[in-house]
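Work through the exercises below with the structure open. Each task is followed by a solution in steps.

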Amino acid sequence: MELKGKRKITIGAALIPVVFLVVALFFTLKHFGGDPHIPILASAAVATIVAITHGFTWGELENGVVETIKMSMSAILILMIIGMIIGTWILAGVVPSMIYYGLQILSPGIFLVATTLICAIVSLATGSSWTTAGTVGIALIGIGQGLGIPVEIVAGAIISGAYFGDKMSPLSDTTNLAPSMAGADLFDHIRHMIFTTGPSLIIALILYGIIGMKYAGNNMDMASINAILEGIQSQFSISPLLLIPPILVIAIVILKVPAIPGLIGGTLLGGLFAAMFQGAGMTEIIGAAHYGYESATGIEAIDSLLSRGGLDSMMWTVSLILCAMAFGGIMEKAGMLHAIAEYILKFANSTGSLVLSTILTAIAINLVAGDQYLSIVIPGRMYKEIYDEKGLHPKNLSRVLEDSGTLTSPLVPWNTCGSFMWKTLGVHPFAFLPYAFLNLLNPLVSIFYGYTGITMEKVKDIEPIEQDA
């Protein structure tokens, strides 16, 4: 990446803000009891100093920050709307009804497998891991608690299923972004991902099945479950009709209505159903949408689960995203991310090492820049030429970008995806990380294919097919 009139950023200079960020986050989170926001902003200041010493002006860096924030504005708006959906859907009895019926149908032995598959189907249909986590994910967390399964394990299964569907759905933004960066066809990209994502899902389901067997051997605490059921019934009017809003939201997205209007429709449905089924007035509906729902059953398991949602509840996460985008924008504009990736490329002598380098770069950008879009865009731009030189089909690069950038994004607390899942499911990403089996396995499967050459299709391999066509 040529930067006219600027002194090239060296790998040593590029790593200064990164090292500062790692140290600042460690001490702030572990020793000072703070949140990630200030360390990230402080790291942005350090990155600014490094950039200015290499010839950049503040105006240029500010433009980089603004451009990067623009990339995340859609995600921020969706985040805010999801907060309103959660608040109104709890007030309407939608989420409580999902929990109520789920507790009566699902058993501990099959719960984790069922959770993964349910989230995979919903996310595949909607193309959104965020919508999946913010709707059925919330209900599944409550059902899992009622069945006595630790929330971090349930959250891991939700994340695995949600990101399988998000990754494989043609409606997903990242699924469209990755092939556009690599120069591949969308459906070639999706078909090619089956080779890595399919085995990863199968292994994940086996692992969830094994864990589920541990809980299947235990007697269900029917007293606790009955207390939850009675508590829900005492506070809400429960009806199968209350399952209509999530079904309609899924249908709206399948019909390719843009995500933001579709989710706003889900919020309006929540308000309408709150009035129809729970007798809520406009004051309560607006309050739930803005400030969230406050449960007061006296049953801790219910109150801790259902006291959430609202636009305000997402402001902590929105501010975190903005801080991360400021840091990532400066690092990108000054060429620091490029310098780090360029250094990694020196070790990419084989197809396997190239795949490994791509994956490590995408993970590093998720860690440093805090955004899954950047983790796809930057490596996609940087590695495309190298993949072409090696004669690798573009769909190999697009697959690797998703295997790493998309799948690891929810595992980083200060990443847009990680912070959303943390706030929505109420489980810290470091807590569910060991149980997000699909997200952990997928990059490893991709690396294995890179070194063995399995499914790493060459451009020349498809030339006869193109000529016949």
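**Exercise 1.** Which residues does S419 touch, not counting residues up to four places away in sequence?

Solution. The model is a predicted one. Start by placing the residue: S419 belongs to helix α20, which covers residues 416-425. Next, list the contacts: with residues up to four places away in sequence not counted, S419 touches T317, L320, I321, V412 and P413. Finally, assign the exposure class. The relative accessible area of S419 is 1%, and buried means under 20%, so S419 is buried.

**Exercise 2.** Determine how α7 and α9 are oriented to each other, and describe their contact.

Solution. Helix α7 spans residues 151-168 and helix α9 spans residues 186-216. Their axes come within 11 Å and cross at roughly 160 degrees. Angles over 145 degrees count as roughly antiparallel, and therefore α7 and α9 are roughly antiparallel to each other. The crossing in which α7 passes α9 is left-handed. From α7, the contact is made by I153, G156, A157, S160, F164, K167 and M168. From α9, the residues are I190, M193, I194, T196, T197, L201, Y208, I211 and Y215. Sorted by class, this contact of α7 with α9 has 11 nonpolar, 4 polar and 1 charged residues.

**Exercise 3.** Repeat the analysis for α8 and α9.

Solution. The axes of helix α8 (residues 173-182) and α9 come within 9 Å, with a crossing angle of roughly 105 degrees. The range from 65 to 115 degrees counts as roughly perpendicular, so α8 is roughly perpendicular to α9. T175, N176, A178 and P179 of α8 make the contact with L186, H189, I190 and M193 of α9. By class, the contact of α8 with α9 has 5 nonpolar residues, 3 polar and no charged.

**Exercise 4.** Which residues touch the most other members of the largest nonpolar core?

Solution. The largest nonpolar core has 144 residues. Those that touch the most other members are I99, F111, L112, M331, M336 and Y383. Helix α3 (residues 58-92) gives the most to this core, with 14 residues. Take F111 as a case: not counting residues up to four places away in sequence, F111 touches L106, L140, I143, G144, L147, I149 and V154.

**Exercise 5.** Locate T455 and classify its backbone and exposure.

Solution. T455 lies in the loop between α22 (437-452) and α23 (463-468). Phi of T455 is near 65 degrees, a positive value in a residue other than glycine. Most residues other than glycine have a negative phi. With a relative accessibility of 22%, T455 counts as partly exposed.

Key: Residues numbered from 1 in each chain as written. Predicted model: local features only at pLDDT ≥ 70, side-chain atom pairs only at ≥ 80, totals over all residues. Heavy atoms only, no water. Helix = DSSP H or I, 4+ residues; strand = E, 2+ residues; numbered from the N terminus. Buried < 20%, exposed > 50% of the residue type's maximum accessible area, 1.4 Å probe, protein only. Contact = heavy atoms within 4.5 Å. Core = buried A, V, L, I, M, F, W, Y, C linked by side-chain atoms within 4.5 Å. Axes fitted to C-alpha atoms, helices over the stretch in contact; angles between N-to-C directions. Parallel < 35°, antiparallel > 145°, perpendicular 65-115°, else oblique. Left-handed = near helix turned anticlockwise from the far one by under 90°. Nonpolar A, V, L, I, M, F, W, Y, C, P; charged D, E, K, R; others polar.
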